[in-house]
Amino acid sequence: MNIAYKRRTDDCRFMRVFEGECLTPAPVWMMRQAGRYLPEYRKVRKTAGNFLDLCYSPDLATEVTLQPIRRYDFDASILFADILLIPDGLGQNVRFGENIGPILEPIRSEEDFRKLTVENLHDHLAPVYQTVKQVRAGLPKKTALIGFCGAPWTVATYMISGKGSPDQKDARLAAFRRETWVQELIDLLVETSVQYLCKQVENGADLLQVFDTWGGNLGELEFERWCIEPMAAMVAGVKQTYPDVPIIGFPRNAGVRYKRFIEKTGVDGVSLDTSVCLAWARDNLDDGCVLQGNLDPLAVVAGGDRLEVEVKHVLDTMAERPFIFNLGHGLIPETPPENVARVVDIIRSA
Ligand code: 1CP
């Protein structure tokens, strides 16, 4: 079942950016806007038990998705879930150790890869689709709802390694060795992620973001094969069912390769990480592509006069482009909640 999708440009200002409009004040949301820096999140998290239980409980996941909207009136909310729910749904058995991050049964061989199964995937993910529906019902009309998933490469790095790693060594080595199952794994993730994203749209997501947190760590040829090609296939896949739904890509640390990424994948927007020179992005990236970014999350931790200088630098540089204010990466747990409010104030009084 696919439900018709219409871009809500009449009642949702955020969506107008994707029609090429340059809005003042710029719409704003923040990656990881729901999370441990908020006392109300920590409270719900405690009652949920573990992190995955929270992701799979529609009532609680809805509550934590809405918390930052109530507090800050962001222009967009992002579904509360995680990029590792797909591997979990494929039977890889994901756990989150307290303060140690994700733990998965690593995939190191074709035999390990063959154990994955799509059989229960959408039943497994049904609570997420229910959350999308409930969030949409609980949000003001003017607030956009962002659905998301991890990009195939980034998700594969966790599936292959069995944990997070600063250099993604296991996955990069497997990819260099060109084991046939690495390509098959990426293809499986493209296919299942497209279905996952389409279900989110069907249940009320207004737009989508795909997180390739580790994409930019790939070398030149590998970036083409494991970041650009799968992303192009995903954009084409989603647009086959929902041609008008905007898709934002986040190839973190891609540097100058943001340009090729935009040209070759057909994304409607890109999220810029903190290292990207904004004037370069403004002058060199396709005018038809919405730019989003890129305040350093640590500036929000620090606060004070520097925070104001940094926020204004982003706003001034992007004043004449279709632009969404965001961070260069997610808010971190030690962020003082009042500094987040301050960022929103600066933007809205500019
Ligand atoms: O203890 C807790 O409460 C868990 C912390 C947490 C949260 C709040 C994790 C574990 N995931 C999330 C939510 C989450 N993850 C969202 C929700 C929406 C929002 O932005 O507010 C999103 C979009 C993600 C995406 C995600 N998960 C990414 C891509 C974006 C990024 O931040 O780079 C990645 C790499 C993950 C994996 C993950 N999930 C959680 C942790 C601790 C990690 C990182 C593991 C590592 O260090 O490699």
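This is a short chat about reading the ligand site, the pockets and two backbone features in a predicted model.

Trainee: Let's start with the ligand. Which residues come nearest to the ligand?

Mentor: Keep in mind that we're looking at a predicted model. To find neighbours, you look for residues with a heavy atom within 4 Å of the molecule. Here, 22 residues surround the ligand, and the nearest are R32, Y41, D82, Y158 and H329.

Trainee: What classes of residue make up that shell around the ligand?

Mentor: Sort them by class and you get 14 nonpolar, four polar and four charged residues.

Trainee: Okay, and how do I spot polar contacts? Which side chain has an N or O atom 2.5 Å from an oxygen atom of the ligand?

Mentor: You look for pairs of N or O atoms within 3.5 Å. The 2.5 Å pair belongs to the side chain of Y41 and a ligand oxygen. The side chain of R45 also has an N or O atom 2.8 Å from an oxygen of the ligand. Then there's Y158, with a polar side-chain atom 2.7 Å from a ligand oxygen. As for cover, the ligand on its own would expose 900 Å², and the protein buries 86% of that.

Trainee: Which pocket is the space taken by the ligand?

Mentor: That's the largest pocket, and it holds about 1400 Å³ of space. Its lining has 47 residues, with R32, R36, F51, D82 and F96 closest to the centre. Try colouring helix 2 (39-48), strand 2 (95-97) and strand 3 (101-103): each gives at least two residues to this lining. By class, the lining of the largest pocket splits into 24 nonpolar, 14 polar and nine charged residues.

Trainee: What volume does the second largest pocket have?

Mentor: About 220 Å³. The second largest pocket is lined by 14 residues, and L23, T24, A26, L315 and A319 are the closest to its centre. Helix 16 (residues 304-317) gives the most to this lining, with three residues. The class split for the second largest pocket is 10 nonpolar, one polar and three charged.

Trainee: Now the backbone. Is the peptide bond from T24 to P25 cis or trans?

Mentor: As a rule, most peptide bonds are trans. The bond from T24 to P25 is cis, though, with omega near -5 degrees. You'll find P25 in the loop between helix 1 (13-16) and helix 2.

Trainee: And what about phi? Is R32's phi positive or negative?

Mentor: Most residues other than glycine have a negative phi. R32 isn't a glycine, yet its phi is positive, at about 60 degrees. R32 also sits in the loop between helix 1 and helix 2. You've met R32 already: it's among the residues nearest the ligand.

Technical notes
Residues are numbered from 1 along each chain as its sequence is written. This is a predicted model: local features need pLDDT of at least 70, side-chain atom pairs count only at pLDDT 80 or more; totals for chains, interfaces and linings use all residues. Side-chain values use heavy atoms; hydrogens and water are left out. A polar contact is a pair of N or O atoms within 3.5 Å; within protein, one must be able to donate a hydrogen and the other to accept it, and residues adjacent in sequence count only if both atoms are side-chain atoms. Accessible areas come from the Shrake-Rupley method with a 1.4 Å probe; for residues, only the protein chains shown count as cover. On a 1 Å grid over the protein atoms alone, a cavity is a set of points where a 1.4 Å probe fits but cannot get out, and a pocket is an open set with protein on both sides within 12 Å along at least five of seven lines; lining residues have an atom within 4 Å of a point. A molecule sits in a cavity or pocket if more than half of its atoms lie within 2 Å of its grid points. Ala, Val, Leu, Ile, Met, Phe, Trp, Tyr, Cys and Pro count as nonpolar, Asp, Glu, Lys and Arg as charged, and the others, Gly among them, as polar. Grid points are joined across faces, edges and corners, and a volume is the space filled by probe spheres set on the points. Helices (H or I, at least four residues) and strands (E, at least two) are DSSP runs, numbered from the N terminus.
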